[in-house]
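User: Please take a close look at one part of this model, the metal site and the elements that carry it. I would like one connected account.

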Amino acid sequence: NAKAEGRNTWRFYNEAMDQANTDKFNLLQRIRDALKNNEFKLYYQPKICLKQEAVLGAEALLRWPQPDGSFINPADVIELAERSGLILELGSWVLQQACSDCQYWQQQGFPAVKVAVNLSPIQFRDGRLEQTVLTALRHSGLAPEALELELTESLLIDNSDFVQQQLARLGALGITFAIDDFGTGYSNLSYLRQFNASSLKVDKSFISSLSVSLRDEPLVRAIIQLAKSLELTTVAEGVEDTATFTMLQQLGCDAAQGYLWSPAVPAEQFIQYLQCKR
Ligand code: C2E
Ligand code: MG
Ligand code: MG
Ligand code: MG
């Protein structure tokens, strides 16, 4: 009957929730261990200048390889790390590793190649970010001008003095900022006035169907125009085919990333990529 069925549904739901929580708890414990045992890797995806098709730098992307050759979804790892506070430790490892890898590329004959690191808003809330960044730069010997920090709109919209001051101090060091996933967050763009970013990364959801759907073209065109009027450069994410590449060039987009050139690859492979593009 309906009553018993309702109860069963409830019980099933409850058990599923318990299972989900247990899974998350286990994953969190495994993330802790992985951090301790140095199991995380940074992979690098080239950022390409659309005028000369030259490599401007690379975005560092977190990877957690598993014994069977698969990877745990980085977005899941980040989300759990954010909720548990572990993102502070993970984030400072990422900064340290990315800066020393970039310093190595520069020493190997690519002095103009930059590195971009994704930051979580939690890292700003903590208050020790500036120190963490300074330490990573000092230990690696990387020039601050070679480091770009990728921020999300959710951080910028927050617009607290605390965040603003940290951004200003990091900017004063010579570090540059990119606004990641632009266009997916908020419609209130007033943060663009207060905050000194150097580039906008157009979210891949606008780019992926650019060459097949006519609907995205006016949007991407408008974002590029907006960026230009604010003297920001534009970077398109998720470029997978030459038709999209050509359209972006015509629209005046400055740079791009995507499988058309390369997915994120291990550091050793990225330097090989630099060598063969030279
Ligand atoms: P994101 O910063 O927007 O990174 C771009 C994502 O698009 C990456 O996914 C990249 O692998 C993927 N991608 C690049 N080119 C293409 C393409 O041509 N087609 C398609 N379909 N996808 C492409 P990934 O590596 O899974 O990372 C997902 C998100 O996780 C990142 O989005 C970023 O928000 C976060 N993340 C990754 N590493 C870190 C990290 O070290 N720290 C923090 N805080 N977040 C990170
Ligand atoms: Mg990014
Ligand atoms: Mg993005
Ligand atoms: Mg994204």
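Analyst: What follows starts at the metal ions, moves to the strands behind them and ends in the nonpolar core.

The model is predicted. The magnesium ion (ligand 2) has four coordinating residues, Glu59 (OE), Asn118 (OD1), Glu150 (OE) and Asp180 (OD), at 2.0 to 2.2 Å. Along the chain, these donors follow the spacing E-x58-N-x31-E-x29-D. Glu59 belongs to strand 2 (residues 54-63) and Asp180 to strand 5, so this pair ties together parts that are 121 residues apart in sequence.

For the magnesium ion (ligand 3), the coordinating residues are Asp180 (OD), Asp181 (OD) and Glu237 (OE), at 1.7 to 2.2 Å. In sequence, the donor residues of this ion are spaced D-D-x55-E. Asp180 coordinates both magnesium ions, ligand 3 and ligand 2, and the two are 4.0 Å apart.

The donors can also be placed by accessibility. Glu59 counts as buried because its relative accessibility is 6%, under the 20% cut-off. Asp180, at 8% relative accessibility, counts as buried. Asp181 has 27% relative accessibility and therefore counts as partly exposed.

Strand 5, which spans residues 176-182, is mostly covered, with 6 of its 7 residues buried. Strand 5 pairs with strand 4 (residues 147-152) in the parallel sense, over 5 bridges. Within that pairing, Ile179 of strand 5 is the bridge partner of Leu151. Strand 5 also runs parallel to strand 6 (residues 199-202), and 3 bridges join them. There, Ala178 has Ser199 of strand 6 as its bridge partner.

Strand 4 leads on to the core. The largest nonpolar core has 81 residues, and those with the most contacts inside it are Phe40, Tyr44, Trp105, Leu147, Leu149 and Leu151. Helix 3 (residues 87-107) gives the most to this core, with 9 residues. Leu147 can serve as an example: beyond its neighbours within four places in sequence, Leu147 is in contact with Leu95, Cys99, Val115, Val117, Val133, Leu137, Leu142, Ile175 and Thr176.

To tie the account together, Asp180 is a donor to both magnesium ions and lies in strand 5. Strand 5 is paired with strand 4, and Leu151, the bridge partner of Ile179, is among the residues with the most contacts inside the largest nonpolar core.

Notes:
Residues numbered from 1 in each chain as written. Chains lettered and ligands numbered in written order. Predicted model: local features only at pLDDT ≥ 70, side-chain atom pairs only at ≥ 80, totals over all residues. Heavy atoms only, no water. Core = buried A, V, L, I, M, F, W, Y, C linked by side-chain atoms within 4.5 Å. Buried < 20%, exposed > 50% of the residue type's maximum accessible area, 1.4 Å probe, protein only. Helix = DSSP H or I, 4+ residues; strand = E, 2+ residues; numbered from the N terminus. Contact = heavy atoms within 4.5 Å. Donors = N, O, S within 2.8 Å, 3.2 Å for Na, K, Ca; no water. Pairing = 2+ DSSP bridges.
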